[in-house]
Amino acid sequence: MIKDYEIKLGQGFDKIKFGMTKNEVNQILGEPDETEEFNYADGDHSISYFYKDLGCEITFESEHDYLLSYLAVHSEKFHIQNKIRIGMSKEEALSAVETMNLSKASKQDLSEEDLPEQELYSFDSENINFWFVDNILDEIEIGPFWKDEDTPIWP
């Protein structure tokens, strides 16, 4: 049986929680299949761990002392309250959102030549993004809740 992972808004999934160190994540998930480093114009830096079999990307940001700051999942193993799951239609996902009491989403059309049907729905209060490609939920991105603009609330 394939393990299911519930995404807990503002928290993480399973034993993986926002605010963990890279070493703590490695102890739970093992070494990542791939890592990628990003340097930003403002001087900040991030490191992303890719776990291909699990279907997730875990990001540690310099502005948060390289603690786990961001998750992106793209596998059907992940769900939110058994209501929203990667692979479901946009109509099903947005209908489920209405039952969850989330904030109003902002919508962006991010279609490109190689991805002509790509949309992003962002729920700022919950720090969650839904990426739809061809009207299918392709990726869920989440981060911690925030006390104010500068202060994440670590679980």
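The dialogue below discusses how to read the fold, burial and strand pairing of this predicted model.

Reader: Which secondary structure elements are present in the protein, and how many of each?

Author: An inventory of elements is a suitable start. The protein has 15 strands and two helices.

Reader: How should the radius of gyration be read for a chain of 155 residues?

Author: The value is set against the expectation for a compact globule. For 155 residues that expectation is near 15 Å, and the protein has 15 Å, so the two agree. Along the principal axes, the C-alpha atoms occupy a box of roughly 40 × 40 × 35 Å.

Reader: What share of the residues is buried, and what does the exposed surface consist of?

Author: A residue counts as buried when its relative accessible area is under 20%. By that criterion, 43% of the 155 residues are buried. The exposed area is about 9,000 Å², of which carbon and sulfur atoms supply 44%.

Reader: How many side chains of each charge are there, and how far apart are the centres of the two sets?

Author: One counts each set and then compares the positions of their centres. Here there are 35 negative and 13 positive side chains, with the two centres 9 Å apart.

Reader: What share of the contacts joins residues 24 or more positions apart?

Author: Separation along the chain is the quantity to follow. Among contacts with a separation of 6 or more, 39% are between residues 24 or more positions apart.

Reader: Let us turn to strand pairing. In which sense do β4 and β5 run, and how many bridges join them?

Author: For each pair of strands, one reads the direction, the bridges and the connecting turn. Strand β4 (residues 34-39) and β5 are antiparallel and joined by six bridges. Within this pair, T35 has Y49 of β5 as its bridge partner. The hairpin of β4 and β5 has five residues between the strands, and G43 adopts a positive phi near 95° there.

Reader: Which strand follows β5 in antiparallel pairing, and which residues stand opposite one another?

Author: β5 (residues 45-51) also pairs with β6 in the antiparallel sense, over six bridges. S46 faces E61 of β6, and Y51 stands opposite C56. Four residues lie between the strands of this hairpin, where G55 has a positive phi near 85°.

Reader: Where does β7 join, and which residue is the partner of C56 there?

Author: β7 (residues 67-73) pairs with β6, again antiparallel and over six bridges. C56 has V73 in β7 as its bridge partner. The hairpin of β6 and β7 has five residues between the strands, and D65 takes a positive phi near 55°.

Reader: Are the faces of β5 buried or exposed?

Author: For a strand, the two faces are examined in turn. On one side of β5, H45, I47, Y49 and Y51 are buried, and on the other, S46, S48 and F50 are buried as well. Seven of the seven residues of β5 are thus covered. In β6 (residues 56-61), five of six residues are buried.

Reader: Where is H64 found, and is H64 buried or exposed?

Author: H64 lies in the loop between β6 and β7. Its relative accessibility is 8%, so H64 counts as buried. Beyond residues up to four places away in sequence, H64 touches S69, W146, P152 and W154.

Reader: Which class of accessibility does I153 belong to, and what are its contacts?

Author: I153 belongs to strand β15 (residues 151-153). The partly exposed class runs between 20% and 50%; at 42% relative accessibility, I153 therefore counts as partly exposed. Outside its neighbours within four places in sequence, I153 contacts G10, P144, F145, W146 and K147. Its C-alpha atom is 9.9 Å from that of G143, which is 10 residues away along the chain.

Reader: In what order do the strands of the open sheet lie, and which strands stand at its edges?

Author: An open sheet is read from one edge to the other. Five strands form this one, in the order β3-β2-β1-β8-β9, with mixed pairing. The edges are β3 (16-17) and β9 (84-85); each has a single partner strand, so one side of each lacks a neighbour in the sheet. β8 (residues 78-80) pairs with β9 in the antiparallel sense over two bridges, and H79 stands opposite R85 in β9.

How values were computed. Residues numbered from 1 in each chain as written. Predicted model: local features only at pLDDT ≥ 70, side-chain atom pairs only at ≥ 80, totals over all residues. Heavy atoms only, no water. Rg over C-alpha atoms; globule rule 2.2 N^0.38 Å. Buried < 20%, exposed > 50% of the residue type's maximum accessible area, 1.4 Å probe, protein only. Contact = heavy atoms within 4.5 Å. Areas by Shrake-Rupley, 256 points an atom, 1.4 Å probe, with all protein chains shown as cover. Lys, Arg positive; Asp, Glu negative; His and termini not counted. Charge placed at Lys NZ, Arg CZ, Asp CG, Glu CD. Pairing = 2+ DSSP bridges.
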